[in-house]
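Biologist: Please take a close look at one helix of this chain and at how it is placed among the others. A connected account would suit me better than a list.

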Amino acid sequence: MKKISTLNLKIGKKLKTARITAGYTQEQISEKLNCSSRYIGLIETNRTNGSIEFIIELCNLYGISLNDVYGDYLTIKYTNEMKNLSSIIGYNQLSEEYKSIIDNNIEYLNILQKRK
């Protein structure tokens, strides 16, 4: 017997935010993934669900994880460290120069915190 999902997944807004944060337009994504920009729009407005393979492709382009997209629907409990890691959306899309600036600031703030 086929089980019907009751989750009513609404991931479009998260994908749209991730796309914009990564600096892409719908047209650029459609060219990279060989689909129509209309299809990207349908996913981002929750009018259709992309296949898991397609969502993985989007995640790879945007530098986010599947947990960033589907995390609200999972019942597993995450540690604070795991939550913090998933909140760094966009870091992997930065240039090495900007990553270095962020890393140096974090190192400096950790030093200041240890002094207190």
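Modeller: From the N terminus on, the elements of the protein chain run α-α-α-α-α-α-α. This is a predicted model, and its protein chain has 7 helices and 0 strands. Of the contacts in the protein chain with a separation of 6 or more, 53% are accounted for by residues 24 or more positions apart. Buried residues make up 25% of the 116 residues. The chain exposes about 9,000 Å², and carbon and sulfur atoms supply 53% of that area.

The helix to look at is H1. Helix H1 covers residues 12-22, and within H1 the residues Gly12, Leu15, Ala18, Arg19 and Ala22 are buried. Seen down the axis of H1, these buried residues fall within an arc of 130°, so they line one face of the helix. Lys13 and Ile20, by contrast, are exposed on the other side of H1. The cover over the buried residues of H1 includes H2, H3, H4 and H5. After H1 comes Gly23, which has a positive phi, near 85°.

One of the buried residues of H1, Leu15, leads into the interior. The largest nonpolar core has 18 residues, and those that touch the most other members are Leu15, Ile29, Ile55, Leu58, Tyr62 and Val69. Two or more residues of this core come from each of H1, helix H2 (26-33), helix H3 (37-44), H4 and helix H5 (66-70). H4 gives the most to the core, with 6 residues. Leu58 touches Leu15 and also Ile29, Leu33 and Ile40, when residues up to four places away in sequence are not counted. Set against the helix ranges, Leu15 belongs to H1, Ile29 and Leu33 to H2, and Ile40 to H3.

H4 spans residues 52-62, and Ile56 has its place there. Why does Ile56 not count as buried? Its relative accessible area is 35%, and buried means under 20%, so Ile56 is partly exposed. Ile56 joins Ile52 and Leu66 in a nonpolar surface patch of about 220 Å². Ile52 also lies within the range of H4, while Leu66 lies within that of H5. H4 and H5 are thus both represented in the patch, and both also give two or more residues to the core that Leu15 of H1 helps to form.

Notes. Residues are numbered from 1 along each chain as its sequence is written. This is a predicted model: local features need pLDDT of at least 70, side-chain atom pairs count only at pLDDT 80 or more; totals for chains, interfaces and linings use all residues. Side-chain values use heavy atoms; hydrogens and water are left out. Patches are made of residues with over 30% relative accessible area and no salt bridge: like charges are joined within 9 Å, nonpolar side chains (Val, Leu, Ile, Met, Phe, Trp, Tyr) within 5 Å. Accessible areas come from the Shrake-Rupley method with a 1.4 Å probe; for residues, only the protein chains shown count as cover. A salt bridge is a side-chain nitrogen of Lys or Arg within 4 Å of a carboxyl oxygen of Asp or Glu. Helices (H or I, at least four residues) and strands (E, at least two) are DSSP runs, numbered from the N terminus. Buried means under 20% relative accessible area, exposed over 50%, partly exposed in between (1.4 Å probe, protein chains only). Contact means heavy atoms within 4.5 Å. A nonpolar core is a set of buried Ala, Val, Leu, Ile, Met, Phe, Trp, Tyr and Cys residues joined through side-chain atoms within 4.5 Å. The arc is that of the directions from the helix axis to the C-beta atoms.
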